[in-house]
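Colleague: I'm new to this one, so could you walk me through it slowly?
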Amino acid sequence: KTTPGLRRVEKLAAAAGGSLMTPGEARADCTLNGPTVVCNTTTTTNTTHPAGQPNDRAYQVLEGSPLNASVTPGSSVTGQGLAFSNLGDGGVSVVNDGTITVDAGNAPTAGGTAALSIVANGGVLSYAGGAITNNGSGNGLDAIQNGGNDTIDINVNGAVQGAATSADAINFYREQFGVVPAVLPRVPSMEQARRLSDRPPR
């Protein structure tokens, strides 16, 4: 089942910084072998390989074939979440059989701002799985396809959660994606909670 409400397509003028990995390198309990990344339980940092090895959040490749990434069954990726991007035209496929979480107080930027950021510059961008939570700031899942008419296929079979700590943010998610009801995350400050109670969402 494809969930159109989670699709987000953006055009980027240029690829953002970062380094490319070479096959066979292991980072953040994620192992890269060719265009395949397999992640086990780990806590990531807000870095792009190779800056924060071995705990980088973001993994970039330049491939004409798909970047295949997976979180193994029962594994828990915490800290700053994960980001996968293929700067080539081969696409990206992510299968999440575990959990991906951005911890409270964290605001990831390496490779994107969501708990799971996926970027393709062509080919098929696909995601299957669930259990993605952003307890910090940002979305649960961002899927960005820069390949023009290429495909995004999102199949969520669990909860995907992001943080919304203002009436405007809650209204945005309600209007754009039909989110009802809104459940506040554990991260709003007392001041943010007061503002929400003074000016509730529509």
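Modeller: Let me begin with a term that we will need: two strands are said to pair if DSSP finds at least two bridges between them. With that in hand, T45 stands opposite D56 in β6, and two bridges join β5 to β6, residues 56-61, the two strands running parallel. Please keep in mind that this is a predicted model.

Colleague: Okay, and which helices and strands does the chain have overall?
Modeller: The protein chain holds two helices and 17 strands. Of its 202 residues, 42% count as buried, and the chain exposes about 9500 Å², of which carbon and sulfur atoms supply 53%.

Colleague: What share of the contacts comes from residues 24 or more positions apart?
Modeller: Among the contacts in the protein chain with a separation of 6 or more, residues 24 or more positions apart account for 72%.

Colleague: Back to β5, then: in what order do the strands of its open sheet come?
Modeller: Five strands make up that open sheet, in the order β5-β6-β9-β12-β15, and the pairing is parallel. β5 (45-48) and β15 (141-145) stand at the edges with a single partner strand each, so one side of each is left without a neighbour in the sheet. On average, and with direction ignored, neighbouring strands of this sheet are turned by 10° against each other.

Colleague: Switching topic, which way do the side chains of β7 point?
Modeller: They alternate along β7, residues 67-71: L67, A69 and V71 point to one face and are buried, while N68 and S70 point to the other and are not buried. That fits the general pattern, since in a regular strand the side chains alternate between the two faces of the sheet.

Colleague: And which strands does β7 pair with?
Modeller: β3, residues 36-39, pairs with β7 in the parallel sense over four bridges, and there C39 stands opposite V71. β7 also pairs in the parallel sense with β10, residues 92-96, over five bridges, where V95 of β10 is the bridge partner of S70.

Colleague: One last thing, where does Q80 sit, and is that residue buried or exposed?
Modeller: Q80 lies in the loop between β8 (76-78) and β9 (82-86). Its relative accessible area is 11%, which is under the 20% cut-off, and therefore Q80 counts as buried.

Colleague: What is Q80 in contact with, leaving aside its neighbours within four places in sequence?
Modeller: With those neighbours left aside, Q80 is in contact with T44, T45, N46, R57, T101, V102, N106, A107 and P108. T45 is the residue we started from, the one that stands opposite D56 in β6.

How values were computed: Residues are numbered from 1 along each chain as its sequence is written. This is a predicted model: local features need pLDDT of at least 70, side-chain atom pairs count only at pLDDT 80 or more; totals for chains, interfaces and linings use all residues. Side-chain values use heavy atoms; hydrogens and water are left out. Buried means under 20% relative accessible area, exposed over 50%, partly exposed in between (1.4 Å probe, protein chains only). Contact means heavy atoms within 4.5 Å. Accessible areas come from the Shrake-Rupley method with a 1.4 Å probe; for residues, only the protein chains shown count as cover. Axes are lines fitted to C-alpha atoms, for helices over the stretch in contact, and angles run from 0 to 180 degrees between N-to-C directions.
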